[in-house]
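User: Please take a close look at how one part of this model sits against its neighbour, and then set that part in the context of the other chains. A single connected account would suit me best.

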Amino acid sequence: MERIVVTRDVMEDPAGPPPPGPRPYTNPYLAGVGLGLVLLAAFVLVGRGLGASGAFNSLVAWLTSLVAPDYAKDNPFLGNYLNGDDHPLKAWLVFELVGVAIGALVSGLLARRVVRTIERGPRISIAGRLALAFLGGALMAFGAAIARGCTSGQALTGGAMLNLGSWVFMLALFAGAYATAWFLRKEWR
Amino acid sequence: MMAPFYKLGAFGDETALLIAFLVGIGFGFFLERAGFGSARKLVAQFYLRDLAVFKVMFSAIVTAMLGLTYLAWAGYLDLSLVYLVPTFWVAQLVGGLLLGIGFVVGGYCPGTSIAATATGRFDGLVYVAGFAVGTLGFAIASPLFDGLLGAGELGPTTLPQALGVPYGVIVFAVVVLAVAGFAGATWIERKMAARDAAAVTR
Amino acid sequence: MSPSEFVSTSHHPLADGHAWGWEIAVYLFLGGFTAGLLVLSGLARRRGPRATGEPGFALASSGLSIVGLGAISLGMLALFLDLAHKPFVWRLYVTMEPRSPMSWGAWILLLVYPVLLTGIALDPPRALRDRVPALARLARYAEDERVRRGLGLASIAAGLALGVYTGILLSALGARPLWSSGLLGPLFLVSGLSTGAAFAHMASPLAEERHRLARLDNLLIAVELALIALYLIGLASSTEAHAEAAKLLLGGPYTAVFWVVVVGVGLVAPLAIQALTVAGRIAPTHVAPVLVLIGGIVLRFVLVFAGQASHWSRL
C-alpha cells in the first residue's frame, strides 16, 4: 500500500469546469420585488412580517438561562423571551433566521460568491475592521432593543405596513448612518 | 376573509415555524442576490456610491404594501390581524439613530450579518458576536432604559391614522416618493461616478 | 437496586423511571458516525489504491482511524456519564447476557477498538513513528495485501455491527411506540454512514476522492429521506399508539425542529448543494458536510427525546 500523501492538492474536482469569478448581483429592483413578495407571503400566511434582532434576543436569553436560569427569567428584557413551556429557541424569528442562512448560502453558492474573506475598506487593517464590526454589532443591539426591532423588523416590515413608529425609525436610521459616514470615511473608502 | 392563515387557525404553531424557515430561505436568498451579504456594498449607500440599499428596500416596501392593500381591499386579508409593532416614537427615533450609527461602524444589520456569515464573511461572524454581547449588555443594563423604552408611546398607529389622511392617499404618496427616489438615486450614483472618475484623472 | 440493570432488559433505565438525556443522543450519534467511518475505510482498504501511481487514498489513512477513536471514546464517555452505577461498569465484561443490549454494546466495542488501533498502527502519524521505532517496523505490514484486505474486512464487520447496534438500541431498550419500528435500525445505520461519508469528504485531501464521496453521500442522503418517509408512514398507519407517536413529528411538539433542522437543514439542503457541486454548477465547499453532521446529531436528539414523550396508552 502506498503511503498517504498529506499535501493538499490544488486539482479541481474532475466534473467541475474551471471556476469563473463571482457573478454580478441581481438588479436591485428585481431583488427588491422578490424580497417584497417574500414579506407579503409572511403577512398572508402567518400575519406577521420579517425580522432578525428578535432571534438574537431569543438566543441570548436561552444561553443566559443555561448559566443563570433565575437571573434570566427575572431580567425585564430577557424574561420576555423565556415565558412559556417551550424551548426558548422554538421561536418564529429563530426558525426564520436559520432559513436566512440557508437561503443566503444557496444564493451565494449559485453565484460563486461564497468566499472566506473579510469585507473591509482599502485602508483599514484586519484587526481594525473586526473591532469595528464587533462594536457596530454591540451598538446595534442596543439600538434594536430600544427601537423594538431592526432594519428587517422595523424598517422593512413596518414600512410596508405604514407603521408610524417604523417610518420615524427609518428616517432616524438613515440620518444616523449618513451623519456617521463622514467620520468613518477613511475606514471604508 | 381567508388570511392571515395562521391567525385564522388554518394551521398550528409547529407548521408556522416550518413556514418561518421557508420564508427565511426566501428572505436570505434575495438579500444575498441583492448583494447584502457584503459590507462594502451595504455601506456604499452612505457614501452615495451605490444606492442599492435604498432601491432594494423601497422596491420591497412598495411591493409588499401594494400587495397588502390589494388583498385587504379585495376582502381576502384581514389587515387588523397582521401584527403592528406599537409606536413609541421617541424610543424608535433614538433606536433608529443608534442603528444608523452602528450600521456604518459595523457594516451590517442583524439580518444581513447572517447572510454575510453564511457566505463566508468573517467580519459578519464577528458582527454577530458583537450583537449577541451587546444584547446581553442591554439586558444587564435594561433597568436603566425603562424610561426611554416607554417614551413617546402612541400604541399601534399607522401613518394614515396619525395624519388623518385616507389609507389610499398614503399608499399613493409612498409609491410616488419611491419612484422619485429611485430616479434621484440613479442620478446621484451617476454624479458620484463622474466625480470619482474626474478625481482619478486629475 | 442491584447492579443487575446492566445485564437484564427487565431493569433497563427507562423502566426505572430514569430519563434519557443528551448523553444517549450524543452516544448514538458518535457511535453511528464511527460506524460510518469504519465501513467506508474498510471498503477503501479492501479495494486498495485505484491505479498504480495513485498518490494514495485518504479513506484508509490513519487520520480517519484517529478521528473514529476520538469519536467513539467521547461517545463512551457520554454513555458512562448516563449510567446510574458507574463503579459496576466492569460487570458488563464478566457476564455475557445474550438478551441484554447493553452487554452486546460492550462486546462490540471490543471489536471496534482493535480495528481502529490497528489502522493507526499500520500508518502511524509521523510524530508517533519517530518516537516509537517499533511502530515503524509494524508499518511494513501495511504493504502486505493480505493484511490490508483482512483489516478492511474486520473494519467493515466492526462498522456494521456498531451501526446496526446503535440503530436498534432504542427499539431494544425502550418500550416506546416511536421506537418500535423495524426501520429505525436501517435509518440510524444509513445516517451513520452518511455522516461518516460527509466527514471523510470534508477531510480528504484528494479531489477525486472528495468527488466520489460527495456522490456516495448524495445517494445515502436520498436513501435516508426515503427511510424517514417509510418510517413515518409505517407508524402513522399502524396501531393507535404508533399513530399518536408519529403525530409528535407530524404536527406535535417535535414537528418544527424535525422537519426544519433534520430534514431541511440536515438532508435536503446538503443534498441540493452536493448535487450542484457534483454536477459542476457550483464550487466545492465544506458547507454541505457540516450541514449533514448537524442534521445527524439533531436526528438523534429528536428521536431520543420525542420517543420518551410517546406512550402506549394515555393513563
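Analyst: **The two domains of chain A and their surroundings**

In chain A, the C-alpha centres of domain 1 and domain 2 lie 19 Å apart. The model is a predicted one. Domain 1 of chain A covers residues 47-116 and domain 2 of chain A covers residues 121-189, according to the domain assignment. Their contact draws 7 residues from domain 1 of chain A and 8 residues from domain 2 of chain A. On the side of domain 1 of chain A that touches domain 2 of chain A, 3 residues are nonpolar, 4 are polar and none is charged.

Chain C offers a second pair of domains. Here the assignment places residues 1-175 in domain 1 and residues 176-315 in domain 2. How many residues of each domain of chain C take part in the contact? The contact involves 27 residues of domain 1 of chain C and 29 residues of domain 2 of chain C. On the domain 1 side, the elements that supply two or more residues are α1 (22-47), α2 (62-82) and α6 (145-173) of chain C. The greatest share comes from α1(C), which gives 11 residues to the side that touches domain 2 of chain C. By class, that side of domain 1 of chain C comprises 19 nonpolar residues, 8 polar residues and no charged ones.

A single residue of chain C also merits attention. S310(C) is located in the segment that follows α11 (287-309) of chain C. S310(C) counts as buried because 23 C-beta neighbours lie inside 10 Å of it, and the threshold for a buried residue is 20 or more. Apart from neighbours within four places in sequence, the contacts of S310(C) are R176(C), P177(C), L178(C), E244(C), A245(C) and L248(C). By contrast, R149(C) stands 45 Å from S310(C), C-alpha to C-alpha, with their positions 161 residues apart in sequence.

To return to chain A, its contact with chain B takes 109 residues from chain A and 109 residues from chain B. The chain B side that touches chain A divides into 75 nonpolar, 27 polar and 7 charged residues.

As for the architecture of chain B, its secondary structure amounts to 9 helices and 2 strands. Their order from the N terminus is α-α-α-β-α-α-α-α-β-α-α. A box of roughly 65 × 45 × 35 Å along the principal axes holds the C-alpha atoms of chain B. Of its 202 residues, 50% count as buried. When contacts in chain B between residues at least 6 apart in sequence are considered, 65% of them join residues at least 24 apart.

One helix of chain B deserves a separate description. Helix α9 of chain B spans residues 167-201, 35 residues in total, and reaches 51 Å from its first C-alpha to its last. That reach is close to the 51 Å expected at 1.5 Å a residue. Is α9(B) largely in the open or largely buried? Of its 35 residues, the number buried is 3, so α9(B) lies largely in the open. The buried residues in α9(B) are I170(B), V174(B) and A185(B). These buried residues of α9(B) pack against α3 (52-73) and α8 (159-163) of chain B.

Terms used: Residues are numbered from 1 along each chain as its sequence is written. Chains are lettered from A and ligands numbered from 1 in the order in which they are written. This is a predicted model: local features need pLDDT of at least 70, side-chain atom pairs count only at pLDDT 80 or more; totals for chains, interfaces and linings use all residues. Helices (H or I, at least four residues) and strands (E, at least two) are DSSP runs, numbered from the N terminus. The expected span of a helix is 1.5 Å times one less than its number of residues. A residue is buried if 20 or more other C-beta atoms lie within 10 Å of its own, exposed if 12 or fewer, and partly exposed in between; C-beta atoms are placed from the backbone. Two residues are in contact if their C-beta atoms, placed from the backbone, lie within 7 Å. Domain bounds come from an automatic or database domain assignment. Ala, Val, Leu, Ile, Met, Phe, Trp, Tyr, Cys and Pro count as nonpolar, Asp, Glu, Lys and Arg as charged, and the others, Gly among them, as polar.
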